[in-house]
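User: Got a model open here and I'd like to walk through it with you. Can you take my questions as they come?

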Amino acid sequence: MRDLKINFLGKEFKNPIIPASGCFGFGYEFASYYDINILGSIATKGTTLEPRYGNPLPRIAECPAGLLNSIGLQNPGVDKVISEELVKLDEVYHDQVIANVGGHSFEDYILTVEKLSKVDKVFAIELNISCPNVKEGGMAFGVDPEVASSLVREVKKVCAKPLIVKLSPNVTDIVAMAKAVEEAGADAISLINTLVGMRIDLKTGKPILSMKAGGYSGPGIFPVALRMVYQVSHNVNIPVIGMGGITSARDVLEMMYAGASLVQIGAQNLVDPYCCKKIIEELPSVMEEYQIDSLSSIIRRTV
């Protein structure tokens, strides 16, 4: 029998497959398609301190090998996420989840993390540092190593759960960013978040998205994600979650050979809501094909 189990930050995961934040709602929405308890875990929709409607329409645009989105962290706010969304999820998914957190100021992040840290359903916090820092001119927290490390240090003071920092690929040196958040106290790193892209409507000559640019995700970014996961995992001493364009069991194996302990699958859920189920079911046969007995044995990272 092929062994899919992974030990990550002291918790045993039945397999490494996790739907990525933003592409799987709060999880319970997919329970009508299949038994979501087969999943290793779920990274819930990005949560902010206050409710957010999100960006104006249109905020989705198709592109070759993926899509652009500028949703804008639409969510009901952390209090309702705790009192309603996570309660609904607990009715259909019995394991703990990874709570993704966004914010536009240090205070936003700190207060949101503090609240979610007290929830038993939450195993770990995933800090999305690709959000714009509104108090510092709109530059994302995740493009400056000093700002990112300062944010992580402050959040760690109130975070009672393992802290995973989700890195943006839109930087000059991804390794420098990874080392900065590791030094500041991150327990793990997840990457990559979306690349920045644009589409033009040829009928109007104007950008399709209301915000002009958006996050590019889908299979087109897989080679970029793989390279960054490899670079980061070989230069830090904390575990890495790999994501970005994964669509198959073979992609999962590539990510793990590159150094990922777990993987998150995002945009493919929007193309095929059964994709995570199919990948979990396909993994044993693909492992057999490549003579892999245990997934944990192929993780390549510097310890």
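Analyst: Sure. One term to settle before we start: buried means under 20% relative accessible area. Also keep in mind that this is a predicted model.

User: Okay, with that in hand, what about strand β6, is it enclosed or open?

Analyst: Largely enclosed by the rest of the structure, because five of the five residues in β6 (residues 97–101) are buried.

User: Which way do the β6 side chains point?

Analyst: V97, A99 and V101 point one way, while I98 and N100 point the other way, and all are buried.

User: What does β6 pair with, and is it parallel or antiparallel?

Analyst: Strand β7 (residues 122–128), and the two run parallel, joined by five bridges. As one example, N100 has E126 as its bridge partner in β7.

User: Switching to the hydrophobic side of things. Which residues touch the most other members in the largest nonpolar core?

Analyst: L127, I129 and L191, out of 98 residues in that core. The element that gives the most to this core is helix α8 (residues 275–289), with seven residues.

User: What does L127 actually contact, leaving aside its neighbours within four places in sequence?

Analyst: V101, Y109, V113, L151, V152, V155, L163, I164, V165 and K166. V101 is also one of the β6 residues we just went through.

User: You mentioned L191. What's going on with the peptide bond from L191 to I192?

Analyst: That bond is cis, with omega near 15°. I192 sits in the loop between β9 (188–191) and β10 (195–197).

User: Where else is there a cis bond I should look at?

Analyst: Look at L57 to P58, which is cis with omega near -5°. P58 is in the loop between β3 and β4.

User: And which non-glycine residues have positive phi?

Analyst: Two to look at are A65, with phi near 60°, and Q291, at about 55°. A65 is in the loop between β4 and β5 (66–69), and Q291 is in the segment after α8.

User: Are those two buried or exposed?

Analyst: A65 has a relative accessible area of 43%, so it counts as partly exposed. Q291 is at 71%, so that one counts as exposed.

User: Aromatics next. How many aromatic pairs are there in the whole structure?

Analyst: Eight turn up in a search of the whole structure. One of them is F8 with F13, an edge-to-face pair at 5.9 Å centre to centre with 80° between the planes. Both F8 and F13 are buried.

User: And Y33 with Y274, why is that pair called edge-to-face?

Analyst: Their planes are at 90°, so the pair is edge-to-face, and the ring centres are 5.7 Å apart. The pair also links distant parts of the chain: Y33 is in the loop between β3 and β4, Y274 is in the loop between α7 (268–271) and α8, and they are 241 residues apart.

User: How accessible are Y33 and Y274?

Analyst: Y33 is at 41% relative accessibility and counts as partly exposed. Y274 is at 32% and counts as partly exposed too. Both of those tyrosines belong to one aromatic cluster, along with F24, F30 and Y34.

User: What about charges over rings, where does K11 sit?

Analyst: K11 lies over the face of F13, at 5.7 Å from the ring centre. K11 also lies over the face of F123, at 5.8 Å from that ring centre.

User: Back to the β3 to β4 loop. What does the side chain of N37 reach?

Analyst: N37, which is in that loop, reaches the backbone nitrogen of H94 with its side chain, at 2.9 Å. Apart from its neighbours within four places in sequence, N37 contacts K14, V92, Y93 and H94.

User: Last one, R153. Where is it, and how far is it from V181?

Analyst: R153 is in helix α3 (residues 145–156). R153 and V181 are 28 residues apart in sequence and 8.4 Å apart in space, C-alpha to C-alpha. As for exposure, R153 has a relative accessible area of 36%, so it counts as partly exposed.

How values were computed. Residues numbered from 1 in each chain as written. Predicted model: local features only at pLDDT ≥ 70, side-chain atom pairs only at ≥ 80, totals over all residues. Heavy atoms only, no water. Core = buried A, V, L, I, M, F, W, Y, C linked by side-chain atoms within 4.5 Å. Buried < 20%, exposed > 50% of the residue type's maximum accessible area, 1.4 Å probe, protein only. Helix = DSSP H or I, 4+ residues; strand = E, 2+ residues; numbered from the N terminus. Contact = heavy atoms within 4.5 Å. Polar contact = N/O pair within 3.5 Å; in protein donor to acceptor, adjacent residues only side chain to side chain. Phe/Tyr/Trp six-rings, centres within 6.5 Å; stacked < 30°, edge-to-face > 60°. Lys NZ or Arg CZ within 6 Å of the ring centre and 35° of its normal. Pairing = 2+ DSSP bridges.
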